[in-house]
Amino acid sequence: MSMLEVKGVTQRFGNLVAVSDVSMAVEKGELRALIGPNGAGKTTFFNLISGFFRPTEGQIFLEGRDITLMPPHARVRLGMARTFQVTEIFPELTVRQNLRSPVELALGLRLRPWISSADNARVKDRVQELLEMGRLEAHADRLTGELSHGDQRATEIMMALALEPRILLLDEPTAGMGSHETYSTAMLIRRLHRQQALTIVLVEHDMRVIFNLADRITVLAEGKVLDEGTPDEIAASEVVQMAYLGKAA
Ligand SMILES: Nc1ncnc2c1ncn2[C@@H]1O[C@H](COP(=O)(O)OP(=O)(O)OP(=O)(O)O)[C@@H](O)[C@H]1O
């Protein structure tokens with residue numbers, strides 16, 4: 001059974017068909033990249049997967065369960081976590097404080113009026129583990145808003161990971177970064193993918209990141225799947241070169 005299966009999904013906005021009859025299956029432990037020119041429908045498709053939009057047509061399954069009509073928070077409970085193009089951290093909190101809430105949520109402690117010292121120790125240990133995994137220990141007690149763009153993004157990715165997702169959706173994780181930060185963010189994603197055997201779907205514009213990280217690539221153009229395959233297959237694909245890279249094969 002696939003981790004994520006999208007069947008014939010269409011999203012219309014009035015007369016505009018942003019996503020048109022798209023199907024895609026992502027297997028457990030796979031890192032799938034979604035690429036396509038501007039306006040191809042990548043963000044819309046991501047919003048459909050994570051539940052921010054309900055498709056006009058089609059169905060979406062998470063580990064065989066129909067989640068098409070499920071709101072985002074219910075998908076989170078089933079193990080789907082997402083980061084956004086614009087980082088969603090609390091800049092006035094430290095990195096450690098930012099990580100605490102999703103850890104409490106994952107441990108089922110979020111709505112408790114008080115937390116026992118044993119539970120508090122569990123939260124602290126898990127936060128520490130996430131800081132280490134994200135290579136953020138040195139910044140743990142700094143205000144997140146004062147960190148570099150790359151470290152803020154790493155914090156956000158670790159906040160998503162704190163929810164112990166089975167599938168992680170990353171929306172342009174290297175957007176707005178210089179080459180050094182892009183590289184370290186790509187390495188973080190690779191480490192998490194390998195060490196945690198995590199299924200990841202990412203939308204990304206940076207071709208080096210995509211071709212270095214992805215197991216498979218789905219290319220969208222004008223709302224449709226233009227091609228799908230391994231990085232080598234996509235690099236050699238004539239339709240992709242014609243439509244996406246804008247040059248003759
Ligand atoms: N909420 C909306 N209402 C109306 N039209 C929308 C909406 N969201 C997206 N669109 C349109 O749907 C099409 C696909 O947009 P989308 O943002 O999904 O593409 P994209 O591949 O993510 O582009 P980019 O790479 O520029 O982010 C575009 O023509 C866009 O203008």
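Where in the fold is the place of R135? R135 sits in the loop between α4 and α5, and we will come back to this residue below. Please keep in mind that this is a predicted model. The briefing starts with the sheet, moves on to the ligand shell and F45, and ends with helix α4 and the loop after it.

**The sheet and its hairpin**

- Four strands make up an open sheet in the order β2-β1-β4-β5, and their pairing is antiparallel. The edges are held by β2 and β5 (65–66), each of which has a single partner strand, so one side of each is left without a neighbour in the sheet.
- Strand β1 covers residues 4–13 and strand β2 covers residues 16–26; the two pair in the antiparallel sense over seven bridges.
- If you would like to trace the register, V22 in β2 is the bridge partner of V9, and V19 in β2 is the bridge partner of Q11.
- Two residues lie between β1 and β2 in this hairpin. In the turn, G14 has a positive phi of about 60°.
- D21 is worth a look too: its phi is positive, at about 55°, although D21 is not a glycine. This residue lies within strand β2. D21 counts as partly exposed because it has 14 C-beta neighbours inside 10 Å.

**Around the ligand**

- The residues surrounding the ligand are F13, L16, A18, G36, N38, G39, A40, G41, K42, T43 and T44.
- Sorted by class, this shell holds four nonpolar, six polar and one charged residues.
- Both β2 and α1 (42–50) supply at least two residues of the shell. Helix α1 gives the most, with three residues.

**F45 in helix α1**

- F45 also belongs to helix α1. Is F45 buried or exposed? F45 is buried, because 27 other C-beta atoms lie within 10 Å and the cut-off for a buried residue is 20 or more.
- Leaving aside residues up to four places away in sequence, F45 touches V19, V22, L34 and L220. Two of these names are already familiar from the hairpin: V22 is the bridge partner of V9, and V19 is the bridge partner of Q11.
- F45 and V6 are 39 residues apart in sequence, and their C-alpha atoms are 9.9 Å apart in space.

**Helix α4**

- Helix α4 runs over residues 117–133, which makes 17 residues. From its first C-alpha to its last it reaches 24 Å, close to the 24 Å expected at 1.5 Å a residue.
- Which residues of α4 are buried? They are V127, L130 and L131. Viewed down the axis of α4, the buried residues fall within an arc of 100°, so they line one face of the helix.
- A general point helps here: an α-helix has 3.6 residues a turn, so residues three or four places apart point the same way.
- The buried residues of α4 pack against α3 (95–106) and α5 (149–162).
- On the other side of α4, the exposed residues are A118, A121, D125 and E132.

**Back to R135**

- R135 comes just after α4, in the loop between α4 and α5.
- The phi of R135 is positive, at about 55°, although this residue is not a glycine.
- R135 is partly exposed, because 15 other C-beta atoms lie within 10 Å of its own.

Technical notes: Residues are numbered from 1 along each chain as its sequence is written. This is a predicted model: local features need pLDDT of at least 70, side-chain atom pairs count only at pLDDT 80 or more; totals for chains, interfaces and linings use all residues. The expected span of a helix is 1.5 Å times one less than its number of residues. A residue is buried if 20 or more other C-beta atoms lie within 10 Å of its own, exposed if 12 or fewer, and partly exposed in between; C-beta atoms are placed from the backbone. The arc is that of the directions from the helix axis to the C-beta atoms. Two residues are in contact if their C-beta atoms, placed from the backbone, lie within 7 Å. Two strands pair if DSSP finds at least two bridges between them. A residue is near a molecule or strand if its C-beta atom, placed from the backbone, lies within 6 Å of it. Ala, Val, Leu, Ile, Met, Phe, Trp, Tyr, Cys and Pro count as nonpolar, Asp, Glu, Lys and Arg as charged, and the others, Gly among them, as polar.
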